[in-house]
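Open the model in your viewer and keep the sequence panel in sight. The stops below say what to select and what is there.

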Amino acid sequence: MNVLYAILSESWRLLVDASVYMLFGMLMGGMLKVFLNPAAVSKHLGQGRFSSVFKAAFLGVPVPLCSCGVLPAAASLKRQGANKGAVTAFLISTPESGVDSIATSYALLDPIMTVARPVAAFVTAACAGILENLIESPKHTVADKPDLTCPVDGCCSGVECPPEEHNRHHSFPEKIAAGIGFAFGDLWNDLAGWFLVGILLAGIIGALIPIDVLTHYLGGGLPAMLLMLAMGIPIYICATASTPIAAALILKGVSPGAALVFLLAGPATNVTSLTVLMGVLGKRATAIYLITLSVLAVACGLAVDQVYLSFGLSAQAVVGKAAEIVPEWARTLGAVVLLGLSVKPVFRKLKNLLTHGGHGCQHSDHPGVHSEDLDACVEGREGGSICASGPT
């Protein structure tokens, strides 16, 4: 009973610290959904061996999608004419970062890690995308007609209603309301289960694993980075859920660089998504994706450890201190709100697991993503074809 209490107590502490920042991150994710037109994004990613990659890597950083949720979006970009390098960059930077995970990183980690995470995501994504385009020149194909469906409520397809005209159909308050609905509806439905699992795992690490065990094996250096890489590549965990685990590991003596390797490799890879990537990009592009991500994740981890060493900082001493800026009552209220919002999506996910046995990539109700397309993509039924029919 004491062990269970210790785990729940540690998990609750992490949830309270992260709650307000998590709510803010979700809100920003909802605004991105409404105000960032995916058709406008995709048209910039088809031309240029370098510019398209940098654009895709940069645009992927704030988008709050996990390694499975990003697959139909990336496949849609591919269908709309984006070259392989741009798609590769988007596939790496998007799950490794996101406005929600950046906000949670600030709450549970520290300012250095908060900056290092999106920067490392951009660097790894850009390098992998450029390498892909250098090895294989992009084929300039005719792009499909982009999806111009109204991002607010789907009131029109946009075909007979140009975007500039349709912008007048919805007021600014209506767009804000739609963004809030998406943030605390679809987006949190996708994140809730994994985030709470991450919080619980972090609680287990904090309550049960002795400090000297992790310090001995993961205190820093190349062996620690490689071990964290081996742990992160095969598992499925989203960027937001990986953050409390990284915080717990750092508090137990794991170097911030080793934790960063886990934060980069874990969300960007898992066995299911790598299988799907072979159908979307091909075997060679998938190999470039995995090798470049692995090498640069370790390099970024070593660089971050050097930054802490150069400034004489202790990651254990500063981790989680940013959350103390928010009053205790506000953090507690935020935690209660998050738990309340989680009841329905967690119940639905448990029901799906019991009914269907569960899959690595669960379909969500994002507009433009058809469940049969994503299922075919996950099960590898479509070989070399593109496995999605619209942007997320």
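Select Cys 300 in this predicted model. Its relative accessibility is 15%, so Cys 300 counts as buried, the limit for that class being under 20%. Now add Cys 127 to the selection. Cys 127 is partly exposed, with a relative accessible area of 36%.

Are these two joined? Show their sulfur atoms and draw a distance between them. The closest cysteine sulfur to that of Cys 127 is in Cys 300, 8.3 Å away, which is too far for a bond; a disulfide would need the two sulfur atoms within 2.5 Å. From the other end, Cys 300 has the sulfur of Cys 127 as its nearest cysteine sulfur, and Cys 300 is in no disulfide. Searching the whole structure turns up 0 disulfides.

**The whole chain**

Clear the selection and switch to a cartoon view. The chain has 18 helices and 0 strands. Of its 392 residues, 52% are buried. Among contacts with a separation of 6 or more, 83% are between residues 24 or more positions apart. Switch to a surface view: about 17000 Å² is exposed by the chain, and 68% of that comes from carbon and sulfur atoms.

**Helix α3**

Return to the cartoon and select residues 51-60, which form helix α3. Which residues of α3 are buried? Colour Ser 52, Val 53, Ala 56, Ala 57 and Gly 60 to see them. They lie on the same side of α3, because they cover an arc of only 130° around the axis. To see what these buried residues pack against, add α5 (84-96) and α7 (111-135).

Within α3, pick Val 53. Val 53 has 0% relative accessibility and so counts as buried. Leaving aside residues up to four places away in sequence, Val 53 touches Gly 85, Ala 86, Ala 89, Ala 125, Ala 126, Gly 129, Ile 130 and Asn 133; show these as sticks. Then select Val 87, which is 34 residues from Val 53 along the chain. The C-alpha atoms of Val 53 and Val 87 are 7.9 Å apart.

**A patch on the surface**

For the last stop, bring back the surface and select Met 1, Leu 4, Leu 8 and Leu 200. Together these residues make a nonpolar surface patch of about 450 Å². Leu 200 belongs to helix α9, residues 172-208. With 40% relative accessibility, Leu 200 counts as partly exposed.

Terms used. Residues numbered from 1 in each chain as written. Predicted model: local features only at pLDDT ≥ 70, side-chain atom pairs only at ≥ 80, totals over all residues. Heavy atoms only, no water. Patch = residues over 30% accessible without salt bridge, like charges linked within 9 Å, V, L, I, M, F, W, Y side chains within 5 Å. Areas by Shrake-Rupley, 256 points an atom, 1.4 Å probe, with all protein chains shown as cover. Salt bridge = Lys/Arg side-chain N within 4 Å of Asp/Glu carboxyl O. Helix = DSSP H or I, 4+ residues; strand = E, 2+ residues; numbered from the N terminus. Buried < 20%, exposed > 50% of the residue type's maximum accessible area, 1.4 Å probe, protein only. Contact = heavy atoms within 4.5 Å. Arc of directions from axis to C-beta.
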